[in-house]
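This report describes the surroundings of a bound ligand and then turns to one residue of the chain. The sequence and the structure are shown below.

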Amino acid sequence: MTTLSIPVIIGSTRRGRYTPRLAKLIYAKLESHPGIDPVLIDLAHYDLPMMEERLSKLEEPPQRLVEFGRHIDAADAIVIATPEYNKGYPGVLKNAIDHLGSEFRRKPVGIVTHSVGAFGGIVVLQQLRIVMMNLGAVPIPAAITVPHIHETLDEDGRALDKNFDRRAERFVEELVWYAEALARQRGL
Ligand SMILES: Cc1cc2nc3c(=O)[nH]c(=O)nc-3n(C[C@H](O)[C@H](O)[C@H](O)COP(=O)(O)O)c2cc1C
């Protein structure tokens with residue numbers, strides 16, 4: 001089987017944000033998985049314009065939007081790491097998603113959420129699954145919700161608790177299972 005591409009989207013751009021810690025953890029687990037080529041997609045780096053029209057309908061799309069779209073289009077699965085903002089996910093993430101469409105179709109999507117509070121973004125998880133299904137993506141049953149992220153992961157995304165580390169590995173194993181299954185269906 002060919003190498004599978006799995007982008008990990010960092011869904012927050014807030015100054016001093018914690019989301020990269022969670023994205024880095026999942027990226028590291030994917031990187032150590034044979035046959036997987038992960039890439040970190042930092043929405044702060046892409047600095048996408050406010051959505052005026054979907055990428056597929058723009059005559060002269062900005063290069064950074066084209067690049068973002070290419071990563072999702074080429075993906076065999078996608079991870080979205082997001083915090084909970086006012087019981088939703090950040091506007092910057094919705095703006096990025098709404099620029100695309102068919103790029104997500106039939107792709108397994110693993111959602112990982114967090115908060116500094118006790119609930120770890122569980123509300124966001126359900127919301128984002130609905131959004132992904134609307135795009136024809138396949139949100140996988142496995143997920144990670146991280147309460148008290150500032151006490152659970154260090155700045156490099158290392159889990160301070162071995163049990164949590166194992167949870168992240170199981171999540172990645174599940175995602176890779178779906179990525180491989182759907183890739184086979186596409187004849188890869
Ligand atoms: C605008 C805003 C709204 C928030 N709303 C919630 C919330 O609804 N539930 C929650 O548990 N934490 C909430 N928090 C706290 C976040 O969980 C915490 O700030 C987290 O670190 C945000 O992710 P980030 O650091 O990547 O931006 C909110 C934070 C911000 C900035």
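In this predicted model, the ligand is surrounded by 13 residues. The closest of these are R14, Y18, T19, Y85 and N86. By residue class, the shell around the ligand comprises four nonpolar, five polar and four charged residues. As for location, the ligand occupies the largest pocket.

Polar side-chain atoms of the following residues lie at the stated distances from an oxygen atom of the ligand.

| Residue | Ligand atom | Distance |
|---|---|---|
| S12, polar side-chain atom | oxygen | 2.9 Å |
| R14, polar side-chain atom | oxygen | 2.7 Å |
| Y85, polar side-chain atom | oxygen | 2.5 Å |

The ligand on its own has 600 Å² of accessible area, and the protein covers 75% of that area. R14 and Y85 thus appear both among the closest residues of the shell and in the table, with distances of 2.7 Å for R14 and 2.5 Å for Y85.

The second topic is D76. This residue is located in the loop that runs between helix 3 (63-73) and strand 3 (78-83). Is D76 buried or exposed? D76 is classed as buried because its relative accessible area is 7%, and the class requires a value under 20%. D76 and V124 are 48 residues apart along the chain, and a distance of 23 Å separates their C-alpha atoms.

Key:
Residues are numbered from 1 along each chain as its sequence is written. This is a predicted model: local features need pLDDT of at least 70, side-chain atom pairs count only at pLDDT 80 or more; totals for chains, interfaces and linings use all residues. Side-chain values use heavy atoms; hydrogens and water are left out. A residue is near a molecule or strand if one of its heavy atoms lies within 4 Å of it. A polar contact is a pair of N or O atoms within 3.5 Å; within protein, one must be able to donate a hydrogen and the other to accept it, and residues adjacent in sequence count only if both atoms are side-chain atoms. Accessible areas come from the Shrake-Rupley method with a 1.4 Å probe; for residues, only the protein chains shown count as cover. On a 1 Å grid over the protein atoms alone, a cavity is a set of points where a 1.4 Å probe fits but cannot get out, and a pocket is an open set with protein on both sides within 12 Å along at least five of seven lines; lining residues have an atom within 4 Å of a point. A molecule sits in a cavity or pocket if more than half of its atoms lie within 2 Å of its grid points. Ala, Val, Leu, Ile, Met, Phe, Trp, Tyr, Cys and Pro count as nonpolar, Asp, Glu, Lys and Arg as charged, and the others, Gly among them, as polar. Helices (H or I, at least four residues) and strands (E, at least two) are DSSP runs, numbered from the N terminus. Buried means under 20% relative accessible area, exposed over 50%, partly exposed in between (1.4 Å probe, protein chains only).
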